[in-house]
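Q: Hey, can you walk me through this one? I'm new to reading structures, so plain words please.

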Amino acid sequence: MTENFAISLLAAAVQSGTPILYATLGEILCEKSGVLNLGVEGIMMIGALAGFMAAASTGSPLLGFLAGGACGALLAAVHGWVCLSFRGNQVVSGLALTILGSGLADYLGTPFVGRQAPGFDPFALPLLSRVPLLGDIFFNQDLLVYISYLIVPLMWIFLRNTRWGLSLRCAGENPDAAVANGISVTAYRWMGTLGGGFLGGLGGAYLSLAYTHLWSNGLSAGRGWIAVALVIFAFWRPERALMGAYLFGGVMAFQLRLQAAGTSIPSSILLMLPYALTIFVIVLASWRRPQSAMPTSLGVNVEPTE
Amino acid sequence: MGMRFKISRRQNPRRLHSGLVLLAAVGLSLVICALLLEQQGKPSLRGLMLLFQGAFGSGWALQDSLIKAVPIFLCSLGVAIAFRLQIWNIGAEGQYALGALGASWVALHFPDLPWFVLQPAMLVAATVCGGLWGLLPAVLKLRMRANEIIITLMLNYIAIFLLDYLVYGPWKDPSSFGFPMTRMFSQNAVVAKIGAGDLHWGILLCLVIGMLVWIFLGFTRLGYEIRACGENVQAARYARMPYAALVLLVMAASGALAGWAGFLEASASLNRLEPSIMAGYGYTAIVVAWLARLNPLFIGLAAFLLAGLRVGVEQLQLELQIPASFGQIMEGLILMTVLGGSFFVTYQIRLLKKE
């Protein structure tokens with residue numbers, strides 16, 4: 001009985017951690033290129049709505065998922081345009097993006113509240129789902145969770161071992177050196193911004209297509225901000241983002257289960273938990289000086305030439 | 001053949017330029033908003049007209065905009081003080097909630113005190129609660145190097161759930177038919193109206209504190225140090241400026257000002273505490289502070305304009321059934337376009353013709 005509860009809780013932790021994982025990976029990519037995008041929350045909202053709208057109108061959840069990513073990248077392009085083309089303040093532009101994205105999603109999404117759309121359902125992966133314990137936790141999930149398992153190592157390899165990945169990191173660490181080596185800082189920063197927006201949009205689409213199977217206003221509920229926090233917790237490393245995301249997924253799932261079990265703890269107090277945990281985790285991580293892992297030129301615009 | 005541009009930093013950015021950029025940015029935002037209205041099948045021109053009429057078109061509208069400008073102005077003033085030091089306080093929303101909580105606690109527990117004791121006590125409670133909610137991220141930043149953007153933002157969510165917990169639970173009015181709200185405050189706890197209109201004396205408080213902050217930032221040693229540290233922390237440390245103390249000061253002041261906004265909103269506008277007090281003023285305040293380029297005098301003007309936008313959108317909701325989030329979109333767009341436009345204030349672009 002308790003074992004079953006634990007396994008189902010851990011499986012739920014993976015599921016509710018997945019949207020945060022997508023968004024955190026996106027923000028890592030973006031910040032590695034030197035661009036701070038605080039608009040993740042807005043990007044997730046837009047991704048969630050676009051994914052839902054596209055799935056509802058085409059009948060294909062996969063198209064919906066991709067549309068969520070594309071619209072996330074589109075919104076991130078506004079940030080890129082303001083910060084990379086026009087050298088606007090990255091902190092303020094990101095905040096504006098969150099305001100704009102949440103507002104737009106709410107405005108355009110009002111007609112879709114309460115509508116149905118096809119989504120993703122869990123299925124057991126052959127063989128792997130038979131592995132004791134791990135199979136039930138990790139391999140009885142939906143397609144998008146399996147895709148996220150692939151993205152983590154791919155991004156790890158991309159950032160570490162590919163030419164593009166090295167150049168992207170160089171644009172974030174030392175733009176002057178990058179320019180001296182013939183690397184176009186602006187191009188790689190655009191790559192980070194758009195790629196990050198795409199992943200953030202996918203995270204949002206996961207929410208409406210696989211998590212709630214519904215569109216409602218304010219769906220993302222601060223998950224984008226938690227993702228921004230997790231980047232610091234993860235020391236800008238994809239594999240640590242995985243851990244962090246599942247930790248938060250676990251707390252969210254646990255909190256929901258307590259509510260469903262009819263505990264005497266008021267729901268507003270339970271709802272505080274993930275946010276309080278974020279503060280706790282950030283303070284703990286900050287104690288270990290994550291600044292040393294931060295891209296040196298994060299948030300600093302490059303002076304225009306010619 | 002072809003044209004090339006030469007971009008260089010301007011030596012003396014001109015006031016006129018930033019004014020023109022602001023106008024162009026607002027114009028561009030309005031055009032995009034008109035397109036959004038058309039997309040939903042609403043008459044765009046009539047919509048924008050309604051927006052302006054609803055915001056500034058009559059005595060009633062102006063008064064409503066002025067009342068809504070009060071909490072935005074106070075929050076924005078606080079945000080601007082912190083931003084000057086490059087401390088990114090995104091937590092005005094939560095500090096405002098805590099101010100409202102503190103003031104309400106006093107109002108609900110001592111309803112029979114005379115107004116000239118009760119209201120100052122509420123103000124003090126709001127100052128303490130809002131100030132402490134602002135100090136917490138400052139301490140975490142200084143002691144643990146915790147990123148203040150994330151901490152202040154998370155504290156917003158926690159503050160809102162705390163307010164929910166109280167009005168749904170221990171503070172709920174037993175005779176509210178289950179609605180989440182506290183009892184009405186006693187008359188002594190309600191900030192009085194000026195004359196016969198709806199304007200309350202909180203406006204006077206805004207004027208006084210606005211002037212004081214303007215003097216503080218522009219003409220005192222501490223105000224100068226805040227700006228100097230914000231521009232270059234390392235240099236300021238060499239000059240032995242007390243960076244840590246300044247961080248604590250700006251965050252406490254920032255939180256206290258947002259707390260005052262919460263106090264005035266609970267006392268003068270709602271006469272009780274209820275979830276609808278959280279209307280996103282703390283986020284609008286960030287937009288206002290940046291549009292006003294962190295200058296207290298411009299903040300007054302920008303707060304009034306964006307408050308007008310909110311009132312105008314209410315009119316749009318009534319007449320054309322436009323969702324309230326339309327106002328949020330406009331705020332985001334205006335801020336984005338102004339940020340992008342500041343490029344033309346900072347940099348000079350010259351066209352080079354080549355044969």
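## Chatting through the two chains

A: Sure, let's start with a single residue. A:Leu133 is exposed, because just 11 other C-beta atoms lie within 10 Å, and 12 or fewer counts as exposed. Bear in mind that this is a predicted model.

Q: Where does A:Leu133 lie?

A: A:Leu133 is in the loop between helix 4 and helix 5 (134–138) of chain A.

Q: And what's its phi?

A: Phi of A:Leu133 is near 65°, which is a positive value in a residue other than glycine.

Q: What about B:Asn271, what's its phi?

A: B:Asn271 has a phi near 60°, also a positive value in a residue other than glycine. B:Asn271 lies in the loop between helix 10 (243–270) and helix 11 (281–291) of chain B. B:Asn271 is partly exposed, because 18 other C-beta atoms are within 10 Å.

Q: OK, zooming out. How many helices and strands are in chain A?

A: Chain A has 12 helices and zero strands. Read along the sequence, the pattern is α-α-α-α-α-α-α-α-α-α-α-α.

Q: And how many in chain B?

A: Chain B has 13 helices and two strands.

Q: What radius of gyration does chain A have?

A: Chain A has 19 Å, and a compact globule with 306 residues would have a radius of gyration near 19 Å, so the value agrees. Along the principal axes, the C-alpha atoms of chain A fill a box of roughly 65 × 45 × 40 Å.

Q: Same question for chain B: what's the radius of gyration?

A: Chain B has 22 Å, and for 355 residues a compact globule would be near 20 Å, which agrees. The C-alpha trace of chain B spans about 85 × 60 × 35 Å along its principal axes.

Q: What share of each chain is buried?

A: In chain A, buried residues make up 53% of the 306 residues. In chain B, they make up 50% of the 355 residues.

Q: What about contacts between residues far apart in the sequence of chain B?

A: Take the contacts in chain B between residues at least 6 apart in sequence: 79% of them join residues at least 24 apart. For chain A, residues 24 or more positions apart account for 79% of the contacts with a separation of 6 or more.

Q: New topic: how many residues of chain A are in contact with chain B?

A: 42 residues of chain A are in contact with 41 residues of chain B. On the side of chain A that touches chain B, helix 3 (61–85), helix 4 (90–109), helix 10 (223–233) and helix 12 (267–287) of chain A each supply at least two residues. The residues on that side of chain A divide into 28 nonpolar, 11 polar and three charged.

Q: Which residues touch the most other members of the largest nonpolar core?

A: B:Cys75, B:Val288 and B:Ala289 do, in a core of 211 residues. Helix 10 of chain B gives this core its largest share, 15 residues.

Q: What is B:Val288 in contact with?

A: Leaving aside neighbours within four places in sequence, B:Val288 is in contact with B:Ile72, B:Ser76, B:Ile299, B:Ala302, B:Ala303 and B:Leu306.

Q: Can we look at helix 1 of chain B? Which of its residues are buried?

A: The buried ones in helix 1 of chain B are B:Ala25, B:Ser29, B:Cys33, B:Leu36 and B:Leu37.

Q: Why might buried residues sit three or four places apart?

A: An α-helix has 3.6 residues a turn, so residues three or four places apart point the same way.

Q: And what covers the buried residues of helix 1 of chain B?

A: The cover includes helix 2 (44–56) and helix 13 (325–346) of chain B.

Q: What's the span of helix 1 of chain B?

A: Its end C-alpha atoms are 36 Å apart, and at 1.5 Å a residue its 25 residues should span 36 Å, so that agrees. Just after helix 1 of chain B, B:Gly41 takes a positive phi of about 75°.

Q: Is helix 13 of chain B mostly covered or mostly open?

A: Mostly covered: 19 of the 22 residues in helix 13 of chain B are buried. The end C-alpha atoms of helix 13 of chain B are 32 Å apart, which agrees with the 32 Å expected at 1.5 Å a residue.

Q: Last one: what confidence does the predictor give?

A: The complex gets an ipTM of 0.92 and a pTM of 0.93. The mean pLDDT of chain B is 92, and 98% of its residues reach 70 or more. Among the elements of chain B, strand 1 (residues 2–9) has the lowest mean pLDDT, 73, and helix 4 (residues 92–109) the highest, 98.

Definitions and conventions: Residues are numbered from 1 along each chain as its sequence is written. Chains are lettered from A and ligands numbered from 1 in the order in which they are written. This is a predicted model: local features need pLDDT of at least 70, side-chain atom pairs count only at pLDDT 80 or more; totals for chains, interfaces and linings use all residues. Helices (H or I, at least four residues) and strands (E, at least two) are DSSP runs, numbered from the N terminus. The expected span of a helix is 1.5 Å times one less than its number of residues. A residue is buried if 20 or more other C-beta atoms lie within 10 Å of its own, exposed if 12 or fewer, and partly exposed in between; C-beta atoms are placed from the backbone. Two residues are in contact if their C-beta atoms, placed from the backbone, lie within 7 Å. pLDDT is the predictor's confidence in each residue, from 0 to 100. The radius of gyration is taken over C-alpha atoms; the globule rule is 2.2 Å times the number of residues to the power 0.38. Ala, Val, Leu, Ile, Met, Phe, Trp, Tyr, Cys and Pro count as nonpolar, Asp, Glu, Lys and Arg as charged, and the others, Gly among them, as polar. A nonpolar core is a set of buried Ala, Val, Leu, Ile, Met, Phe, Trp, Tyr and Cys residues joined through C-beta atoms within 7 Å.
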